[in-house]
Amino acid sequence: MTIANPDPLSVARDNPASRLVSKRELFLGFLKIGLLGFGGIAPWARHVIVEERQWVTDKEFAAILGIGQILPGPNTMNAAVMLGDRFQGIPGVLLCLAGQMAMPLVIVTSLAVVYERFAAIAEVRAALIGAAAGAAGLVLGTALKMFQKIKLSPMPLLIAAIPFLAVGVLGWPLVPVVCVVVPLSIAAAAWERNA
Amino acid sequence: MSVAILVQIARVFAVLSLVSIGGANAVLPEIRRQVVDVQGWMNDAAFANLFAISHAAPGPNIIMVSLIGWQLAGIAGLLVATLAIMIPSCSLAFIASRAVTRWSDRRWLQLGKEGVVPVALGLIVASGVSMMRTSDHDVVTVGISLLTAAFVVFSRRNPLWALAAGTCVGVIALHLGVLT
């Protein structure tokens, strides 16, 4: 497998749309994301797309995830659609989606076949508990790393605390929280630019 | 297997796809209501079982819907359920993608993109924390979560190493009798 060797100029730019990602790269990248995507796709998507292959920057990735969040459907699946379309149009979309779903579909049906027999084994249960704890840490670590890379100014940082507290700590439903915080955040961004 | 069940699968999940803002976790209660209460396709125990299996597999959590289709109508059910949950929401994402590209120089769109960044970041922290609440019940699991998070922050290596280590720690803790 060839690992993309990004042109440093386009990576340095905030919007590296000029960096061309081939159809093959898209499919293989999302195949890997789907295969690794234990405990949720987002951390793996960031690892492969931003860290490993540098298709987009951390900030661009967060924006794509954010747009994916306010649309129906899993935000990572929406992100796959948007990235596929950006780099290779409709064929890119189809390749990203197929790549993302192929391995998980095979694995989940295989698991369903053997589950009854293996779920009774204590080691399997313990391994799943350990993996679930690891997956939670993975998501937390990914968020912290994105904060570290994006370096929000104080006001957006304060706004980021709202969905965290409302959804993560207080357990409020996601949709109303997003409906309130997104306009607030956009207003703050407009205010900060004019200030 | 009849065509009627496939049509029903397609209808139920296509509608769910359009309302699934927030992804699988947000619509899980509605999926359960449809599958167990409204359609009577399976009982609660069977549903819980499929939930556990889909979480043990990699991939988007929405894969649970594929598994439901598979249980109901085999490979055809799997394909129909998967396409039904994907096509509506992905089509909307595609339209959004084209709109974002087309109006990328507009100020309102730039502000919109700027505005969703902190929300997305805050929500990822939130989902990490709520996953920890669900899966971490003792010192060992909290330790696994925090060390994995630290690994992601401080290392550029593949997080699979941390995840594999966490899995091994789980098994070792079982044998030491410290896993609750």
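Guide: Let's start with a working rule: two residues are in contact if their C-beta atoms, placed from the backbone, lie within 7 Å. By that rule, B:Ile63 touches A:Pro104, A:Leu105, A:Val108, B:Ser54 and B:Ala57, once residues up to four places away in sequence are set aside. The structure above is a predicted model.

Visitor: Good to have that up front. Where does B:Ile63 sit, and what makes B:Ile63 count as buried or exposed?

Guide: B:Ile63 belongs to helix α4 of chain B. The cut-off for a buried residue is 20 or more other C-beta atoms within 10 Å. B:Ile63 has 26 of them, and is therefore buried. You can also look for B:Ala81, 18 residues apart from B:Ile63 along the chain, with a C-alpha separation of 9.4 Å.

Visitor: B:Ile63 touches residues of chain A. How many residues does each chain give to the contact?

Guide: Chain B contributes 84 residues and chain A contributes 90. On the side of chain B that touches chain A, the elements giving two or more residues include α1 (3-19), α4 (63-102), α5 (107-135) and α7 (160-176) of chain B. The most comes from α5(B), with 23 residues. By class, that side of chain B holds 53 nonpolar, 26 polar and five charged residues.

Visitor: How do you know what confidence goes with this model, overall and in each chain?

Guide: Overall, the model has an ipTM of 0.82 and a pTM of 0.80. Chain B has a mean pLDDT of 89, with 98% of its residues at 70 or more. For chain A the average is 86, and 90% of the residues score at least 70.

Visitor: Where in chain A is confidence lowest, and where is it highest?

Guide: The lowest value belongs to helix α1 (residues 8-12) of chain A, with a mean of 39, and the highest to helix α2 (residues 23-36) of chain A, at 95. Over residues 1-16 of chain A, pLDDT stays under 50, and the model has 19 contacts beyond four places in sequence for that stretch.

Visitor: What is chain A built from?

Guide: Chain A contains eight helices and zero strands. Its 195 residues include 53% that are buried. Taking the contacts in chain A with a separation of 6 or more, residues 24 or more positions apart account for 57%.

Visitor: Let's turn to helix pairs. Why are α4(A) and α5(A) described as they are, by orientation?

Guide: Helix α4 (residues 58-70) and helix α5 (residues 75-118) of chain A pack at about 120 degrees, with their axes 8 Å apart. Roughly perpendicular ends at 115 degrees and roughly antiparallel needs an angle over 145, and what falls outside the named ranges counts as oblique. The two helices are therefore oblique to each other. Their crossing is right-handed. The contact has six nonpolar, five polar and no charged residues.

Visitor: Which residues of α4(A) and α5(A) meet?

Guide: From α4(A) come A:Ile64, A:Leu65, A:Ile67, A:Gly68 and A:Gln69, and among their partners in α5(A) are A:Asn75, A:Ala79, A:Met82 and A:Leu83.

Visitor: Let me pick A:Met82. What makes A:Met82 count as buried or exposed?

Guide: The cut-off is again 20 or more. A:Met82 has 25 C-beta neighbours inside 10 Å, and therefore counts as buried. Beyond four places in sequence, A:Met82 is in contact with A:Ile64, A:Ile67, A:Gly68, B:Ala93 and B:Ser97. The C-alpha atoms of A:Met82 and A:Cys96 are 9.5 Å apart, with their positions 14 residues apart along the chain.

Visitor: Why does the pair α7(A) and α8(A) get its own orientation name?

Guide: Helix α7 (residues 154-169) and helix α8 (residues 174-194) of chain A pack at about 175 degrees, with axes 10 Å apart. An angle over 145 degrees counts as roughly antiparallel, which makes α7(A) roughly antiparallel to α8(A). Residues in this contact include A:Ile159 and A:Ile162 of α7(A), and A:Val181 and A:Leu184 of α8(A). By class, the contact has twelve nonpolar, one polar and one charged residue.

Visitor: And in chain B, how do the axes of α1(B) and α4(B) cross?

Guide: Those axes come within 8 Å and cross at roughly 40 degrees, and the crossing is right-handed. The contact of α1(B) with α4(B) has 18 nonpolar, four polar and no charged residues.

Note on methods: Residues are numbered from 1 along each chain as its sequence is written. Chains are lettered from A and ligands numbered from 1 in the order in which they are written. This is a predicted model: local features need pLDDT of at least 70, side-chain atom pairs count only at pLDDT 80 or more; totals for chains, interfaces and linings use all residues. pLDDT is the predictor's confidence in each residue, from 0 to 100. Helices (H or I, at least four residues) and strands (E, at least two) are DSSP runs, numbered from the N terminus. Axes are lines fitted to C-alpha atoms, for helices over the stretch in contact, and angles run from 0 to 180 degrees between N-to-C directions. Angles under 35 degrees count as roughly parallel, over 145 as roughly antiparallel, 65 to 115 as roughly perpendicular and the rest as oblique. A crossing is left-handed if the near helix is turned anticlockwise from the far one by less than a right angle, and right-handed if clockwise. Ala, Val, Leu, Ile, Met, Phe, Trp, Tyr, Cys and Pro count as nonpolar, Asp, Glu, Lys and Arg as charged, and the others, Gly among them, as polar. A residue is buried if 20 or more other C-beta atoms lie within 10 Å of its own, exposed if 12 or fewer, and partly exposed in between; C-beta atoms are placed from the backbone.
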